[in-house]
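Student: I am new to this structure, and I would like to understand how its descriptions are justified. Could we look at it together?

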Amino acid sequence: MYGSRTVSVVFPAYNEEQNIRQAIDDFFVPGVVDEVIVVDNNSRDRTAEEAGRTRARVVREAAQGYGHALRRGLREATGDLVILAEPDGTFVGRDVTKLLSYADDFDMVCGTRTTRELLWEQANMGWFLRVGNWAVAKLIQLLYDGPSLSDCGCTLRLVHRAAVQRIGGDLTVGGSHFLPEMVIVALKRGLRVIEIPVNYRGRVGQSKITGTLVGTLRTGVSMVALILTRRFS
Ligand SMILES: Nc1nc2c(ncn2[C@@H]2O[C@H](COP(=O)(O)OP(=O)(O)O)[C@@H](O)[C@H]2O)c(=O)[nH]1
Ligand SMILES: [Mg+2]
């Protein structure tokens with residue numbers, strides 16, 4: 001609970017057996033987080049089994065993709081406040097309280113991983129990724145008259161479930177470029193959005209999006225295409 005509101009955490013999970021249980025433990029912040037939902041996205045490893053041994057609720061999403069998994073989680077969450085995160089060890093459970101501290105004033109509180117002081121040594125956020133995330137975020141800020149944005153790809157974020165109900169029908173992206181769509185739709189609907197710095201650590205297990213240059217570029221191009229087409233078509 002946060003004040004009188006219940007809090008859900010959503011983990012999209014594709015082959016995350018190595019860290020899923022630690023992540024659930026870490027994010028089940030006592031007295032604060034009421035529900036953790038693991039969206040198992042056709043994992044071929046023991047992700048679902050490992051998560052099934054915890055207090056988390058496991059749902060299986062057959063449509064493959066980061067966006068499909070997160071959208072399913074947004075539909076499944078029952079909390080008044082919904083926090084999207086990743087179970088790969090990159091995010092820190094105690095940052096939940098940072099997001100919550102802005103929840104009274106904003107409909108959506110996005111994390112940013114481009115603050116150097118909060119980047120851990122092993123974090124996959126070198127110069128290229130940092131500048132790329134920043135530049136695409138600035139494009140959104142500029143074209144959609146947004147708040148100050150400095151990271152287009154940070155899963156860790158909070159959204160009120162009431163806001164999800166307003167924007168859910170407009171969310172269409174199933175792939176890795178889902179996050180900019182969520183911000184664009186929120187801004188178009190006039191939701192109050194802010195971005196705050198969060199910790200970003202090294203990953204446990206294999207990265208499926210920004211682990212390779214090709215994956216990073218593909219995601220970046222899809223993001224920019226989405227941002228431009230939604231604005232100009
Ligand atoms: N890439 C990808 N990630 C998925 C999918 N389904 C769920 N996920 C989860 O989405 C999150 C982001 O992927 P990740 O490999 O961490 O990308 P990175 O953060 O760029 O290293 C992880 O928690 C994945 O387990 C999928 O189909 N593709
Ligand atoms: Mg990750």
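Student: What makes the pair formed by a nitrogen atom of ligand 1 and an N or O atom in the side chain of N41 a polar contact?

Tutor: In this predicted model, the nitrogen atom of ligand 1 is 2.6 Å from an N or O atom in the side chain of N41, and a polar contact is a pair of N or O atoms within 3.5 Å, so the pair qualifies.

Student: Which side chains have an N or O atom at 3.0 Å and at 2.8 Å from an oxygen atom of ligand 1?

Tutor: For E86 the distance is 3.0 Å, and for R203 it is 2.8 Å; taken alone, ligand 1 exposes 550 Å², of which the protein buries 93%.

Student: What makes E86 and D88 donors of the magnesium ion (ligand 2)?

Tutor: E86, through OE, and D88, through OD, lie 2.0 to 2.1 Å from the magnesium ion, and the cut-off for donors of this metal is 2.8 Å, so both count as donors.

Student: Are E86 and D88 buried or exposed?

Tutor: Both E86 and D88 are buried, which means that each has under 20% relative accessible area.

Conventions:
Residues are numbered from 1 along each chain as its sequence is written. Chains are lettered from A and ligands numbered from 1 in the order in which they are written. This is a predicted model: local features need pLDDT of at least 70, side-chain atom pairs count only at pLDDT 80 or more; totals for chains, interfaces and linings use all residues. Side-chain values use heavy atoms; hydrogens and water are left out. A polar contact is a pair of N or O atoms within 3.5 Å; within protein, one must be able to donate a hydrogen and the other to accept it, and residues adjacent in sequence count only if both atoms are side-chain atoms. Accessible areas come from the Shrake-Rupley method with a 1.4 Å probe; for residues, only the protein chains shown count as cover. Donors are N, O and S atoms within 2.8 Å of the metal (3.2 Å for Na, K and Ca); water is not among the atoms, so sites may look incomplete. Buried means under 20% relative accessible area, exposed over 50%, partly exposed in between (1.4 Å probe, protein chains only).
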